[in-house]
Amino acid sequence: MIVNENNKRTGAMSYQAEYSKSIEAPEAFWAEKAEALAWFKKPETILSKDENDIYRWFADGELNTAYLALDYHVENGRADQTAIIYDSPVTDSKRKLTYLELRDEVAKFAGVLKAQGVEKGDRVVIYMPMIPEALVAMLAVARLGAVHSVVFGGFAPHELAVRIDDAEPKVVVTASCGIEVAKVIEYKPMLDEAIEKSAHKPEACIVLQRPQAEAPMTAGRDVDWVEAMATAEPADCVPVKGTDPLYILYTSGTTGKPKGVVRDNGGHAVALKYSMKAIYNMGPGDVFWAASDVGWVVGHSYICYGPLLAGCTTVVYEGKPVRTPDAGAFWRMCAEYECKALFAAPTAFRAIKKEDPEAAELAKYDLSKLETIFMAGERLDPPTYHWTVEKTGKPVVDHWWQTETGWAICGNLMGVEAKETKPGSSTVPVPGFNVCILDHEGNELPNGEQGNIAIKLPLPPSCLPTVWGDFERFRTGYLSEFPGYYSSGDGGYKDEDGYVFIMGRTDDVINVAGHRLSTGEMEEIVAGHEAVAECAVIGINDPLKGQEPVGLVLLKDGVEADEAEIQAQLVALVRKEIGAVACFKRAVVVQRLPKTRSGKILRKLLRQIADGQDYSIPSTIDDPASLPEIEEIMGRHGLVTS
Ligand code: COA
Ligand code: AMP
């Protein structure tokens, strides 16, 4: 057990008292936390049920999230404080916006959207790189009481089209390009292709032209960001109900169709405001840097909304942990902007460690203002934890997250009571989350035993109340497996001290370089190739990215083509359909796949073989001889790791 020096920093409040109150008296607990916000109308109903019989928070409260994030601070003495620091090594530019400047930009852009007909409840898709305008667009949508859906820039046109069809946006906001290290990625042609593919056609596309690539414009549909802003009338904040949606964020599930996680306004604002102090120990004026992307939930919560709701300065970084220009990038940023907290995925630190194992770059910078390093998005492996602690001398907090919750489910609450750290554990449940370990029948397991991680209802504020346009998918995907609980899809255990250890997904979701991806979706694409009879895509361990997808492919009888050629085609196909971010680089041809007698591929078994785990042969297996054969093939191709 490692004693966390941060223990000495706080300690006034006890974690146990805070946590117990949140579980035993959730309404009183969250009513008190809601007091921290300037509601237009304070909620009187704290917890209630909606038409789907789902618990909802603050149903009769009225607020505007963009008001709380911007106007409130402008009106309360923070107008001249920096709201956003933009640092872009890939374009060699830096910029700062004060709260007043950001508020004015957002109000004007809200005016641009309004002029395009965007009203309360309408959807706006945002497909942008890591530039301040991405946040301006998000906040402007929130200002109008409309609903944004940000699509990660690394996704290909097909993925964008699927999201456009599901969210049915009135308007899409994009930029002409993003920059990946030295590569210019043209976004606009991808948007054009997506709109061509989608059945739903947005009425307008607002395009920010960047100097690195001039986007061709479609007359009558495309609007130039700068021109529109020049004549825009600022728009006011539109009050919304606590339960009105703020955004939809699509995330990978077990099938090809991504799930539109819905986030409401009231619960989200209350939970994030609370988390900024309780989890991150951040106060107004502090600099908080989440080195993620606005396309992911961490970017939504802790690049955009959380820090701004708390009156902090947030950092928008258009670069990578390495290669922009070197492995000192994170340290340079923390020193230059006096960041008090850094939040990134473990894979980013593994990338830094690989290039600069002795952390020679770190010695060049003054990190005295940096208090804590937070990690999430995938399992924080103990070697990466130890390396980061040893080299930086800072407390490192692993916290467990999901897009569905919008904030950490387990963590070490640095602003409540910093607990001792156990490498490999994301510490303890965050107040509001009644985390239980269940067996397959739904019985609670004793400490030390591994099972399904579930959260007893009600979920705390900010967690999803539904899947956009598909409540049934929410019910069957999350609530049916264990009645009375939310099923997280992760497996793990609690130890004798109540520390939670997340051991990985129990379904077909994988995590590649901190990016959540669906192997089921990749299988659908691979199976679509004319030469492929059947396939299984599994995640195998990767020292840098955590996991990497690999396809095990059975070809149709009589296929004459060269195996290497088919493999290259499959790799290209997944890249084209999902995007480079899928990192699907390997497909191995096999003669048969292990299946049950009813024809289901035994994917769990394949994962166990890949992880070098012992496995028992299921009684339902159709052809036991397929196992040693697949094991041999996987071993020969280096797909078995431990
Ligand atoms: N737009 C377009 N393409 C993108 C992209 C984006 N926003 N993000 C990634 N890609 C592309 C990359 O350029 C790369 O393309 P390539 O195959 O042509 O080289 C591909 O997708 C894979 O990217 P990635 O997996 O990120 O690998 P990388 O080698 O470029 O970088 C890391 C490796 C570890 C440095 C990087 O993945 C990283 O910083 N990860 C952290 C992710 C994160 O913050 N997640 C949020 C959770 S908190
Ligand atoms: P996302 O929805 O993209 O945030 O991904 C959520 C998934 O990432 C979780 O269900 C976990 O499988 C994994 N994950 C996130 N944070 C952690 C963590 N700290 N430890 C282990 N796994 C994590």
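For these notes I call a residue buried under 20% relative accessible area, exposed over 50% and partly exposed in between, with a 1.4 Å probe and protein chains only.

**Ground rules.** I am working on a predicted model, where local features need pLDDT of at least 70, side-chain atom pairs count only at pLDDT 80 or more, and totals for chains, interfaces and linings use all residues. Residues are numbered from 1 along each chain as its sequence is written, chains are lettered from A and ligands numbered from 1 in the order in which they are written, and side-chain values use heavy atoms, with hydrogens and water left out.

**Cysteines.** I started with Cys237, which counts as buried because its relative accessible area is 17%. Its closest cysteine sulfur belongs to Cys304 and is 14 Å away, so a bond is out of reach. I take a disulfide as a pair of cysteine sulfur atoms within 2.5 Å, and the structure has zero of them. Cys312 is in no disulfide either, with the nearest cysteine sulfur, in Cys339, at 11 Å. Cys312 is buried because its relative accessibility is 0%.

**Ligand 1.** Next I looked up what lies around ligand 1, calling a residue near if one of its heavy atoms lies within 4 Å of the molecule. I found 23 residues around ligand 1, the closest being Glu180, Lys183, Ala513, Lys545 and Arg575. Eleven residues of this shell are nonpolar, six polar and six charged. My classes are Ala, Val, Leu, Ile, Met, Phe, Trp, Tyr, Cys and Pro as nonpolar, Asp, Glu, Lys and Arg as charged, and the others, Gly among them, as polar.

For polar contacts I want a pair of N or O atoms within 3.5 Å; within protein, one must be able to donate a hydrogen and the other to accept it, and residues adjacent in sequence count only if both atoms are side-chain atoms. The side chain of Lys183 brings an N or O atom to 2.8 Å from an oxygen of ligand 1. Two backbone partners turned up as well: a polar backbone atom of Gly514 is 3.4 Å from a nitrogen of ligand 1, and a backbone N or O atom of Val581 is 3.4 Å from an oxygen of the ligand. On its own, ligand 1 exposes 950 Å², of which the protein buries 84%. These accessible areas come from the Shrake-Rupley method with a 1.4 Å probe; for residues, only the protein chains shown count as cover.

**Ala513.** I paused at this residue, one of the closest to ligand 1. Its phi is near 50°, a positive value in a residue other than glycine. Ala513 sits in the loop between β27 (509–512) and β28 (515–518). My helices (H or I, at least four residues) and strands (E, at least two) are DSSP runs, numbered from the N terminus. Ala513 counts as buried because its relative accessible area is 18%.

**Ligand 2.** Which residues are the closest to ligand 2? I listed Asp398, Thr403, Asp490, Arg505 and Arg516, out of 15 that surround it. The shell around ligand 2 has four nonpolar, five polar and six charged residues. An N or O atom in the side chain of Thr403 lies 2.5 Å from an oxygen of ligand 2, and the side chain of Asp490 likewise places an N or O atom 2.5 Å from a ligand oxygen. For Arg505, I noted 2.7 Å between a polar side-chain atom and an oxygen of ligand 2. The protein covers 94% of the 490 Å² of accessible area that ligand 2 has on its own.

**Backbone oddities.** I then turned to peptide geometry. Thr324 and Pro325 are joined by a cis peptide bond with omega about 0°, and Pro325 falls in the loop between β17 (313–317) and α11 (329–337). The bond from Leu457 to Pro458 is also cis, with omega near 5°; Pro458 belongs to the loop between β24 (451–456) and α14 (471–479). Asn281, in the loop between α9 (265–278) and β16 (287–290), has a positive phi near 55°. Asn281 is buried because its relative accessible area is 7%.

**Lys108.** My last stop was helix α4 (residues 99–115), which holds Lys108. Is Lys108 buried or partly exposed? Lys108 counts as partly exposed because its relative accessibility is 29%. Beyond its neighbours within four places in sequence, Lys108 is in contact (heavy atoms within 4.5 Å) with Met229, Ala232, Glu233 and Pro234. Lys108 and Pro234 are 126 residues apart in sequence, yet their C-alpha atoms are 4.1 Å apart.
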